[in-house]
Amino acid sequence: MNNKSLFIGILSGTSMDSIDCGIFNFSGHQQETIDFCENDFPKNLKREIKKEYANLIMEPKKHYLNKEISLLFSKYIKKILAKNKIEIEKINSIGMHGQTISHGKKDGKNFSIQIGCPKTLSMNTQINVVSDFRQTDIDNGGEGAPLAPLYHEFLFKNDSINRGILNIGGIANISLIPSGNSKTWGCDIGPGNTLIDTWVKKRFQREFDKDGNLAKQYKCNLDFLTILLSDDIFKSNNSMSIEYFSYEWLKKKIDIYNNKLAPKLSDGQILATLTEMLPHLFKMHNILKEKIFNIDELLICGGGAFNKTLVLNLQKTFDFEVNTTEVVDINPKIIESGLFAWLALCKVMNVALDYQNITGSKNPKATLGNIYESM
């Protein structure tokens with residue numbers, strides 16, 4: 001791999017709350033985090049993306065925002081390199097996920113649209129960029145998500161413990177990592193932070209429920225929870241998106257409750273019920289409800305790891321240990337940027353990744369991503 005030993009992972013989450021950037025060194029089955037930064041996602045850019053949504057769906061690669069995202073990513077990469085006094089010659093590649101615009105199925109075909117021009121990022125940083133991870137999985141017959149389980153296996157595999165890794169982003173996904181030689185399995189479960197964040201922004205005028213302090217003041221309404229969980233999407237094992245679990249989706253569920261039952265739900269009851277939703281989804285998932293009880297320990301990462309009420313609800317659900325990844329000295333926030341740095345490493349090293357048990361890929365010897373070389 002010559003003297004270029006470091007990899008950068010950069011992405012912006014579907015909620016556009018921040019842009020995460022990390023520098024990592026990989027050796028064998030060890031990952032060293034050199035540095036990690038959460039960067040602001042400019043409010044004007046967020047507004048522009050929402051305003052241009054229809055145009056971005058039609059022609060994402062030709063839209064001016066495709067380059068705009070990469071210029072912003074370039075700024076943050078240069079900033080973290082300068083902070084750590086790291087020369088670009090030490091960086092092998094940047095793993096860039098970009099900003100998801102849309103993800104799902106159309107006419108029975110999987111699709112995933114991200115903006116962020118890898119050529120622009122490569123040109124502006126003078127570092128090779130690896131991107132298009134979801135699209136190459138789709139090209140291999142997969143659904144493009146979740147991509148994290150094989151990285152979770154690299155990071156958390158334990159010879160004596162059957163582990164589950166629960167990533168709670170906008171959508172929650174899980175990786176089940178056996179201690180033996182059985183293959184890692186993973187899937188999307190359902191909404192993680194997306195409905196909670198949406199409701200808190202609309203009704204409590206806050207960006208998110210810090211530490212779950214709002215939700216813990218109220219009680220879950222079981223009748224409303226039943227209505228939420230009755231949606232047909234939870235009967236499938238398909239990958240999921242925050243587009244589906246929108247404010248309009250939630251309002252329809254609230255209207256169903258209010259038209260059938262009394263008294264009407266308070267804003268606090270709705271928030272508490274949304275914070276109970278994920279633990280109950282484990283119990284109704286066709287495959288997961290059987291597999292989950294074979295694990296010894298569940299580790300939580302992603303933004304949802306900091307919602308103490310949500311974590312407590314999960315701890316009450318299971319008999320096995322449930323903790324955040326902090327118990328194994330890994331910050332729950334760095335894992336997504338680490339994922340894309342690791343995927344870049346795998347592409348550069350031509351490492352085959354078998355996503356058959358995870359995304360439904362038809363190619364067990366696939367490599368994910370495309371390399372865009374700096375000029």
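Just after helix 4 of this predicted model, Gln126 adopts a positive phi of about 60°. The helix itself, spanning residues 118-125, contributes Pro118, Thr120, Leu121, Ser122 and Thr125 as its buried residues. The cover over these buried positions includes helix 3 (64-83) and strand 4 (91-106), together with strand 6 (128-131) and strand 12 (370-372).

A positive phi also turns up in a hairpin. Strand 2 (residues 18-27) and strand 3 (residues 30-40) run in the antiparallel sense and pair over 10 bridges. Ser18 has Asp40 of strand 3 as its bridge partner. With 2 residues between the strands, the hairpin has Gly28 at a positive phi near 60°.

Turning to the polar interior, Asp188 sits in strand 9, which covers residues 185-191. Asp188 is buried but has no salt bridge, and the nearest side chain of opposite charge, that of Arg134, is 7.3 Å away. What, then, does the side chain of Asp188 reach at 2.9 Å? The partner is the backbone nitrogen of Met240. Beyond residues up to four places away in sequence, Asp188 touches Ala145, Pro146, Ile171, Ala172 and Asn173, as well as Asn238, Ser239, Met240 and His285.

Ser239, one of those residues in touch with Asp188, belongs to the loop between helix 8 (222-229) and helix 9 (247-260). Ser239 counts as buried because its relative accessibility is 15%, under the 20% cut-off. The side chain of Ser239 makes a polar contact of 3.1 Å with the side chain of His103. Apart from neighbours within four places in sequence, the contacts of Ser239 are His103, Glu143, Ala145 and Asp188. Ala145 thus appears in the contact lists of both Asp188 and Ser239.

The nonpolar interior offers a complementary view. The largest nonpolar core holds 50 residues, and Leu166, Ile174, Met277 and Phe282 are those with the most contacts inside it. Helix 10 (residues 267-284) supplies the largest share of this core, at 7 residues. A second core, separate from this one, comprises 33 residues, including Phe26, Ile330, Leu339 and Phe340.

Phe282 deserves a closer look. Not counting residues up to four places away in sequence, Phe282 touches Leu166 and Ile174, and also Ile189, Leu288, Lys289, Ile292, Leu314 and Phe318. Two of these partners, Leu166 and Ile174, are themselves listed among the residues with the most contacts inside the largest core.

How values were computed. Residues are numbered from 1 along each chain as its sequence is written. This is a predicted model: local features need pLDDT of at least 70, side-chain atom pairs count only at pLDDT 80 or more; totals for chains, interfaces and linings use all residues. Side-chain values use heavy atoms; hydrogens and water are left out. Helices (H or I, at least four residues) and strands (E, at least two) are DSSP runs, numbered from the N terminus. Buried means under 20% relative accessible area, exposed over 50%, partly exposed in between (1.4 Å probe, protein chains only). Lys and Arg count as positive and Asp and Glu as negative; His and the chain ends are not counted. A salt bridge is a side-chain nitrogen of Lys or Arg within 4 Å of a carboxyl oxygen of Asp or Glu. A polar contact is a pair of N or O atoms within 3.5 Å; within protein, one must be able to donate a hydrogen and the other to accept it, and residues adjacent in sequence count only if both atoms are side-chain atoms. Contact means heavy atoms within 4.5 Å. Two strands pair if DSSP finds at least two bridges between them. A nonpolar core is a set of buried Ala, Val, Leu, Ile, Met, Phe, Trp, Tyr and Cys residues joined through side-chain atoms within 4.5 Å.
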